[in-house]
Amino acid sequence: MIRTLIEDIRAIYRNDPAARNLEVFFYAGFHAIWMHRFTHILWNLGIPLIPRILSQINRFLTGIEIHPGAKIGKGLFIDHGMGIVVGETTEIGDHCVLFHNVTLGGTGKHKAKRHPTIGDRVHIGTGAIILGPVNVGNDVMIGANAFIFMHDVPDNCTVVGSPGRIVRLNNERVDMKLPKTDDAHLL
């Protein structure tokens, strides 16, 4: 837990040039992540109701809704997190960045894994929406207001637009549709 706390603090300094001194402890994103880490432990212990109540209090206080069942790696940075929604079966890798108004949600049509799996070192821009049990690879940039619905995102790319399109892949400019969920491993 101490290493995760240190990584979460380092993430603030790494991603926010305005971060100074101890004010990082007053970031709403930091509060939301650490309340989530606590509620996630309770959720995994099978304690009923309390994790959901605490997550709703967290939402009320920070404007950031993270379901207690979501799995979050170390070093997550939430910048101006108002309006962020992270669904129950979402998984977020290490050293990711979420800007305000991001939705990592479900479609309502799946029963088991319903929400996205986000790789390591992924930046998700303001207002981006990623829906369904999709996989977003490592080292991905998702532009502001991008919309990704039921399509996987390969490693090392930049996705923009609605619907999302790949505009950069392995440091080369491209213009291509996102691969179907079953074909993403081919890129």
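**Questions about sheets, salt bridges and burial**

Author: An open sheet of 7 strands runs in the order β3-β6-β9-β12-β14-β15-β16, with mixed pairing. Its edge strands are β3 and β16 (172–177), each of which pairs on one side only. The model is predicted.

Reader: How do you know that β3 and β6 pair?

Author: Two strands count as paired if there are at least two bridges between them. β3 and β6 are joined over 3 bridges, in the parallel sense, so the requirement of at least two is met. On the residue level, I78 has L98 in β6 as its bridge partner.

Reader: There is also an open sheet of 4 strands. What is its order?

Author: The order is β2-β5-β8-β11, and the pairing is parallel. β2 (71–72) and β11 (135–136) are at the edges; each has a single partner strand, so one side of each has no neighbour in the sheet.

Reader: What joins strand β8 to β11?

Author: 2 bridges join β8 (residues 117–118) to β11, and the two strands run parallel. The cut-off is at least two bridges, so this pair qualifies. I118 stands opposite V136 in β11.

Reader: Turning to charges, how many salt bridges does a search of the whole structure find?

Author: The search finds 9. One of them links R10 and E7, with the closest N and O atoms 3.2 Å apart.

Reader: Why is the pair of R10 and E7 called a salt bridge?

Author: Side chains of opposite charge can pair when their charged atoms come close. The limit is 4 Å between the side-chain nitrogen of Lys or Arg and a carboxyl oxygen of Asp or Glu. For R10 and E7 the value is 3.2 Å, so the pair is counted under that limit. Both residues lie in helix α1 (residues 2–15), 3 residues apart, which is about one turn of the helix.

Reader: Is E7 called buried or exposed, and why?

Author: E7 has a relative accessible area of 14%. Buried means under 20%, so E7 is buried. Its partner R10, at 48%, falls between the limits of 20% and 50%, so R10 is partly exposed.

Reader: What makes R20 and E23 a salt bridge?

Author: The closest N and O atoms of R20 and E23 are 3.8 Å apart, and this is within 4 Å, so the pair is counted. E23 is partly exposed, with a relative accessible area of 33%.

Reader: In what way do the side chains of E65 and R59 meet?

Author: They meet in a salt bridge, 3.3 Å from N to O. E65 has 23% relative accessibility and counts as partly exposed. R59 is also partly exposed, at 41%.

Reader: How do you know that D79 has no salt bridge?

Author: The nearest side chain of opposite charge is R20, and R20 is 12 Å away from D79. The limit is 4 Å, so D79 is left without a salt bridge. D79 is nevertheless buried. This residue lies in strand β3 (residues 77–79). Apart from residues up to four places away in sequence, D79 touches D16, L98, F99 and H100.

Reader: Why does F99 count as partly exposed?

Author: F99 has 26% relative accessibility. That lies between 20% and 50%, so partly exposed is the term. F99 is in strand β6 (residues 97–99). Leaving aside neighbours within four places in sequence, its contacts include D79, H80 and I84. The C-alpha atoms of F99 and K109 are separated by 27 Å, with the two residues 10 apart along the chain.

Reader: Where does H110 lie, and why does H110 count as partly exposed?

Author: H110 is in the loop between β7 (103–105) and β8. At 28% relative accessibility, H110 is partly exposed. Beyond neighbours within four places in sequence, H110 is in contact with P133 and M150. The C-alpha atoms of H110 and E23 are separated by 41 Å, and the two residues are 87 apart along the chain.

Reader: Which residues form a nonpolar patch on the surface?

Author: L49, I53, I57, F60 and L61 form this patch, with about 580 Å² of accessible area together.

Reader: What makes I53 eligible for a patch?

Author: A patch residue needs over 30% relative accessible area and no salt bridge. I53 has 42%, so the area requirement is met. At that value I53 is called partly exposed. I53 has its place in helix α3 (residues 50–62).

Conventions. Residues are numbered from 1 along each chain as its sequence is written. This is a predicted model: local features need pLDDT of at least 70, side-chain atom pairs count only at pLDDT 80 or more; totals for chains, interfaces and linings use all residues. Side-chain values use heavy atoms; hydrogens and water are left out. Patches are made of residues with over 30% relative accessible area and no salt bridge: like charges are joined within 9 Å, nonpolar side chains (Val, Leu, Ile, Met, Phe, Trp, Tyr) within 5 Å. Accessible areas come from the Shrake-Rupley method with a 1.4 Å probe; for residues, only the protein chains shown count as cover. Buried means under 20% relative accessible area, exposed over 50%, partly exposed in between (1.4 Å probe, protein chains only). Lys and Arg count as positive and Asp and Glu as negative; His and the chain ends are not counted. Contact means heavy atoms within 4.5 Å.
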